[in-house]
Amino acid sequence: MKKIFKNLLPYKGRIMVALLFMTVATVCDLMLPTIMSNIVDKGIHLSDMEYIKTNCLNMFIVSVVGLLTVLVGRKYTSEIVAGFCCDLRKMVFAKVNTMTFSEINEIGTAALITRSTHDTETLGWIASIFCGSVITIPVLFIGGVFLSFRKDVLLSLILLLFIPIVFAVVIAVGRKIEPLWQISDEYIDKQNDIMRERLRGIRVIRAFDKEAHEHDRIAKATKTMAEYIIKSNVSMGVISPLTLFLLNLSVVLIVYIGAARMENGISAVSAGDIFAIIQYVTLVMTSIMNAAFVIVMIPHAKVAANRIGEVISAEGIDDKIPEEPLEFSGDIVFDHATFKYDGATEPAVSDISFHITPGQKVSVIGGTGSGKSTLVSLMLCFRMPTEGRVIYDGRPTTELSHKTVRRNISCVLQNSSIYSGTIKDNILMGKPDADNSEILEAAEIAEFSDFVKSLDDGFEHELNQSGKNLSGGQKQRLSIARAIIKNAPIYIFDDSFSALDFLTESKLRTKLSEKAKGKTQIIITQRVTSAMNSDVILVMDNGKLVDSGKHSELLERCKIYREIYASQTGGAK
Amino acid sequence: MITEKKQSRAKALLRIFKEAKPIWGWLALSCFLCLLSIVFTVVSPKMLGNLVQLLYDFWAGDLVTDDFAGMILSGIIPLAVIYLLLSLVRLCNMYLLNNVVSRYFTCNIRIRISEKIKHLPVKFVDCTPVGEILRRMTDDVSHMGTSIHTMIETLSTGFLQILVITVVMFFEDWRLSVAVLVITPISVYLSSKISAMSEKYFHEMFTESGKLNSIVEESYTNYATTKAYNWETETLRRHEEINIRQRNAEYKATFISSAVRPCITFTNSLAYIAVNLLGGWLILNEGVSVGTIVTIVLFAKQIAAPLEQIAEGLGDVQRAITSSERVFALLDLEEEKTDDKSFGNEPVLGDVKFENVDFSYDESKPLIKDLNLDIKHGQNVAIVGPTGAGKTTIVNLLMRFYDSQSGKITIDGHDIAEISREEVRGLFGMVLQDTWLFGGTVAENIAYGKPDATRAEIITACDEAYCDHFIRTLPQGYDTVIGDDTTNISGGQKQLLTIARALLANHRLLILDEATSNVDTRTEILIQKAMDKLMAGKTCFVIAHRLSTIVDSDLILVINDGKIVETGRHDELLAQKGFYYEIYNSQYAV
């Protein structure tokens, strides 16, 4: 919470100015009813034209001042709220960008997205309510109470008596609403989940002629959702008529007690005073009702703030080593490297040792869950080995800046990452200063240029978020082009050819080997045919390096490799 | 893609009103309750005024009575009752509107959207982002519901109040009324102008916020690549750029919209001043009674509240109109036309023929040109070819997910374009690369194509698909709840479940589109037997990258650029040394 509100500090000055102007505006609001009733009571009733004229002028001045100050105040509050939200979004986003992979895993990508979007929006919304009405509440409240006390103490006490009652009612209702809101939110999610599932599975559903069934599921979820929405809306709706009644009740009481006191001559309260107090009561009560609505929102804000707090309090990456202008030779050593995820009982990879020399073409093969991708994480410093070392040119990764290591690796990761922007933008990520001929060359090597040429706008073609308008194969080839243009000393392909047919893959890899001559290539794959022509093949199974060697050697001595080979080629040699 | 027709506001409102037909009666009742509450709101100040007048008179000594407290009490009790009634009526109306609108209006529209999806072509779902449809179904429909609340509670009461006040005022003195009423349209006009101005920035704000959210989503899902390319600074820069644009739009939007209320208050103050000045002059020069002027002045004061209400209500309605346009655009989409011919009572054998079929997803880029195929029942057909050659398109056409633009596809001589889609699809069993499981138990998922299957049948199917063992290791075995995003089973295991599903459903024709692509190669050997069993005696269409799985096919179709370039058995094709030969050898050439 504290950290979030620290974001308000830069706006200190503007907050003071806004408060000042809003106070003046509220004072004008408080003055208007008095002037208005004065005009009627003393002007119209007594037919005093001079009095009417002066007070109309007064009223005009107060109105103009009120209008101008409120506009200036609003200008500042809008600016503060918009700025606060902007800073908050930036803070959360920047923080997530420095989080370690285990921190990200712990919270989960989906949850992080919600925190950076939905939760910051909730806080912003609440901040705007605060600045919109809440900051005028104390002024209205204090002003109203002060003015009414000046008129009559006892009658004003009635006013004070009703305030806790109103608050009690609101808090009671608020407590009831909170869980209802949560439940109705859950049901909205549920309906959306079923709908999303249905749209994604449209082919299977239609193949099994199950549309009616799916529709029934949605209809049922929608109906349940409606029931909960009704429940929470109705409880929320109770607040307004209830507080209105309490407000009116206090007015009635004031009139009655005022009359009684007048009759008994206990105090010198005048009819005009009673009337004025009634007006102040209305003002104060309205401000309290506004405050009440804000109180109902507080639990909402708290939930959002806590969730955001969890993000901002993450420790983040400890990459204090300065970046160095090193160029790796492509020599990689794994020295008894073991990696275990936090809380896992078994290590993901254990005791891995191998040596890759510059310019070697290395394949890593193994089934799902054999630990292949963990090796990639270790090489890219996404994760640090829990035991043992990963060494580049004799220097362990613990002594190198992550940035230095990553600058020396051209990689294509699983689930090819595409960014919104043009195709060109995506390729340029690998080498921001590349010229058009380099882009074209990279696309050609990646077997991607034919597709680009078929587009009307070629490399300037706009891609949707995460490249949703590309097929799996196109995304992979685009990611490969990005790695090729970077042309770092080490290439890593993590299952990057899986969506390509063999012909495309073979053409691509022939051209790639030409371009990457002398560079180290590491290919993680499930396909034995992708691996068999490598200089060295590392066979992974259950987090262990089972064997390594050339295709022919492995075929002779490694049982697991033989099995994989047989299953994929139907035994042909 | 859904494109909205820009309609006039009145038309859109009329349509919302028409859609609310089932609840017209309730809405009328609600309007009546509103009317009651208006009566109470108009009467109560009058009563309070009378009481205060009594106080004034008593204080000034104009009123002499023994039982002043009793008099006040007899005036106060009815007032308290009116106040109570006012709150009760509002409570009832709130309860009524919430129930009726949520249960019979928004809920119905949502169900109709779901119903609509049933009748839309697969093409629509393929081309429309899921988020788009969901947003229409939830947020947009909610806005429409809110608009009904607003129109009844705020706008109708607001307008009615103004109407009542206007009429009463005219009876008192028309000249003063005119002074008040000149101001009214000015302030309504002013507020709607300001709202329209802010609308533009609100729109900008929502657009930027959408973009910002995409950046966030994208950076988090692509986290590893962003790091690997040292791209963090660039990501931050892009985020910041849009973030600042959003801030500026938000600032302008909130500032302008917050100006509405003060402007109305100000114009009302002007009206008040005008009435008083004019009133004073009329009293002095025309001899109009003080009472009349006081009444009108009080009304002039009262007219402010409904005006402010209307100004706020208009914003809501504006939003509802935009939302309703989006919802109606979805509801009005053209539906797939239904074909009701049937294969007849004869059991379908499964002879499949493509005759001169042309097809393209995008008119400007023809994909399949003049495709001819003749497949006899029981044949096992493999379709091979490079990525993007149109292999999956053949599946789309066979299952009638898409219809060919010209030419025809027949099964046992019947043109499938004339037969109901349900019946055509009912012939096929399907295992796709993109596995799909719904949120439910393992057993329910397997029995999806055969809901009346017994547990024993389910277990047999799983046993054959080699997934019985792993299902038993799940926490609740066959009753474990899984879903599309389940993480406790792997992609390969999901695929095994879909194979078991197809085995259990046992259809005449079978489509296997990369059916074992996620399965570990060693497991694949194990399930090969299950696959053989699944395929036995059926007409099968098999699409596979791994050529090892198709060498035994009865017929291999080699597709390139939407055309069949070669057909034949594995050995024949290899002997031809053509395109197939090239593909086949490429897998060893890497």
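The pLDDT is the predictor's confidence in each residue, on a scale from 0 to 100. The model treated here is predicted: local features need pLDDT of at least 70 and side-chain atom pairs count only at pLDDT 80 or more, whereas totals for chains, interfaces and linings use all residues. Residues are numbered from 1 along each chain as its sequence is written, and chains are lettered from A in the order in which they are written.

**Exercise 1.** State how confidently chain A is predicted, and where the extremes lie.

*Solution.* The mean pLDDT of chain A is 85, and 97% of the residues reach at least 70. Among the elements of chain A (DSSP runs, with at least four residues for helices, H or I, and at least two for strands, E, numbered from the N terminus), the lowest mean, 76, belongs to helix H1 (residues 2-6), and the highest, 94, to E1(A).

**Exercise 2.** Describe the contact between chains A and B.

*Solution.* Residues are in contact if their C-beta atoms, placed from the backbone, lie within 7 Å. Chain A contributes 124 residues and chain B 119 residues. On the side of chain A, helix H9 (residues 211-264) supplies the largest share, 26 residues.

**Exercise 3.** Trace the sheet of chain A from its strand order to a bridge pair.

*Solution.* Strands pair if DSSP finds at least two bridges between them. In chain A, 4 strands form an open antiparallel sheet in the order E2-E1-E4-E5. Its edge strands, E2 (349-356) and E5 (395-396) of chain A, each pair on one side only. Between E1 (residues 332-339) of chain A and E2(A) there are 5 bridges; A:Phe334 has A:Phe354 in E2(A) as its bridge partner.

Notes:
Two residues are in contact if their C-beta atoms, placed from the backbone, lie within 7 Å.
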